[in-house]
Amino acid sequence: MSSEESEFGIIGMAVMGQNLALNVEESGYQVSVYNRTGSKTKEFKQQRASDRDIVATYELEDFVSSLERPRKILILVKAGDPVDMVIDQLLPLMEEGDIIIDGGNSHFQDTNRRVEKVEEEGLYYLGTGVSGGEYGALHGPSIMPGGHPEAYEEVSDILRSAAAQTPEGPTCEYLGPRSAGHYVKMVHNGIEYAVMQSIAEAYWAMENLLELNHEEMADRFEEWNRPLEAYLMEITVEILRREDEKMGRPLLQMILDTAKQKGTGKWTSRSALDLGVPTPTITAAVDARLLSSRKDQRGRLSELYETGNSGVYDGFGEDLEDALYLSIVTAYAQGLDLLTVASHEYDYSLDLQDVARIWKDGCIIRSDLLDPISESYSDSELDTLLASKKFRDDYRDGLNSLQKVVSAISKTNLICPALSASLNYFNSLTSERLPANMIQAQRDYFGAHTYQRVDEEGTFHTEWQDIKNV
Ligand code: 6PG
């Protein structure tokens, strides 16, 4: 063990923990590491960390006492009970002013509870979203910290130097009190789901309607991604080009079509529903994963119905590019709208310009699109991206393509739930009148729930039926 005390500690030596330890050390800090199973720590120290200023510890007591005060401990363990277990083990060993940073995908309500518990003991708890997968953890993730601002000040230099570096600064910014960081990370994941599903639908239409091969599809995505520089599009290109060594054909064809999920997309939709915020593209993406998981049922039902794929028309391919672009923009618009409402509801005081800026690099939803998004939010009055000058023009230019694509796909048995949800979201939000007058009349009819009139203030009820004669 090194004679000096370490400036930073990491608990959890799965790949994310290992990579972040190497990243933080690379930024010039001595790091202590600990894992419940010591063999993992030993292997890490002997192999990847052999010539690094990384102190391997095998007892939690040794780990804690190897750290300088106030201690700064990042926990990267599976979200849920393991986080509570680690906190319970740490608390008796730590001292006032020490800081626990939860870098996992914890549910924001768990984070609120943990902040309260840890702060009651005189310590600090920073619920911190970390995005970017294994590569990001090693080379610079996007870091979304929330919690007590004084605690953030203590760790800010370390986290900012480990984050991705952009011309506008590191992709790490203090976001707000309590669970603000984990809330923002949750919404990041909701957007991630919606963008992934939109891309998947475009791929599916290209393959089945345009009948392009994998190389051709990769070329198109590559071209479409030039102005966007979106990570999720970039990986789509690579995925489409990858061959299965065993079969000598595109690997994608060999991957089972049932999507799994750890739950952050569902949490986003659930929280949006709780707060009364419509996020239909995100929810469509969650539903699409659920539907995909019904593989057996899908197989059985597909035999009961005829299929037909005659939805393509001249110019479909070009329209598809615009349709995908608008669906992606709409995914961000819904996520940011949710953040606006949540910030108000939970007193996070989020700065959406900052949020967009720290998503610009390092994270899974990174894209050059985040520049105009961040710029749009320099207008503090902006209530939705649909109203921003830049995106208003984009919607005007691309809307017809989105309509035509959704309509063409809908004439087939192919699916486009995210594209279609984005279109309906846009149409609803930009319609001065909606058929909700009918809903109100129905509610009043069967439940005397009352309605308002367009020509008069007040609350009204109509006796729709003559009860005596019913
Ligand atoms: C990230 C990702 C990551 C997430 C995976 C898997 O920002 O690095 O969002 O945190 O865990 O993408 O999520 P699902 O299993 O829900 O698809």
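**Ligand site and domain contacts**

Me: Which residues come nearest to the ligand?
Reply: Happy to start there. In this predicted model, 15 residues lie around the ligand, where near means that a heavy atom of the residue is within 4 Å of the molecule. Those that come nearest are N105, S131, E192, Y193 and R289.

Me: And how far is the S131 side chain from an oxygen atom of the ligand?
Reply: Polar contacts help here, meaning pairs of N or O atoms within 3.5 Å; within protein, one must be able to donate a hydrogen and the other to accept it, and residues adjacent in sequence count only if both atoms are side-chain atoms. E192 places a polar side-chain atom 2.7 Å from a ligand oxygen, and K262 has a backbone N or O atom 3.0 Å from one. For an N or O atom in the S131 side chain, the distance is 2.5 Å.

Me: Before we go on, how is the model treated?
Reply: It is predicted, so local features need pLDDT of at least 70 and side-chain atom pairs pLDDT 80 or more, while totals for chains, interfaces and linings use all residues. Residues are numbered from 1 along each chain as its sequence is written, and side-chain values use heavy atoms, leaving out hydrogens and water.

Me: What area is buried between domain 1 and domain 2?
Reply: An automatic or database assignment gives domain 1 (8–178), domain 2 (185–429) and domain 3 (436–469). In contact (heavy atoms within 4.5 Å) are 28 residues of domain 1 and 22 of domain 2. Buried area is the accessible area (1.4 Å probe) that two parts lose on being put together, summed over both. Carbon and sulfur atoms give 59% of it here, and the total is about 1,900 Å².

Me: Which residues of domain 1 lose the most area to domain 2?
Reply: Three residues together account for 27% of what the domain 1 side buries. One of them, N105, is also among the residues that come nearest to the ligand. The three are N105, F108 and L175.

Me: Which side chain meets R357 in a salt bridge?
Reply: A salt bridge is a side-chain nitrogen of Lys or Arg within 4 Å of a carboxyl oxygen of Asp or Glu. The count between domain 1 and domain 2 is one. For R357, the N to O distance is 2.5 Å and the partner is E173.

Me: Which residue is joined to P70 by a cis peptide bond?
Reply: Most peptide bonds are trans. Here omega is about -10 degrees, and the bond joins P70 to R69.
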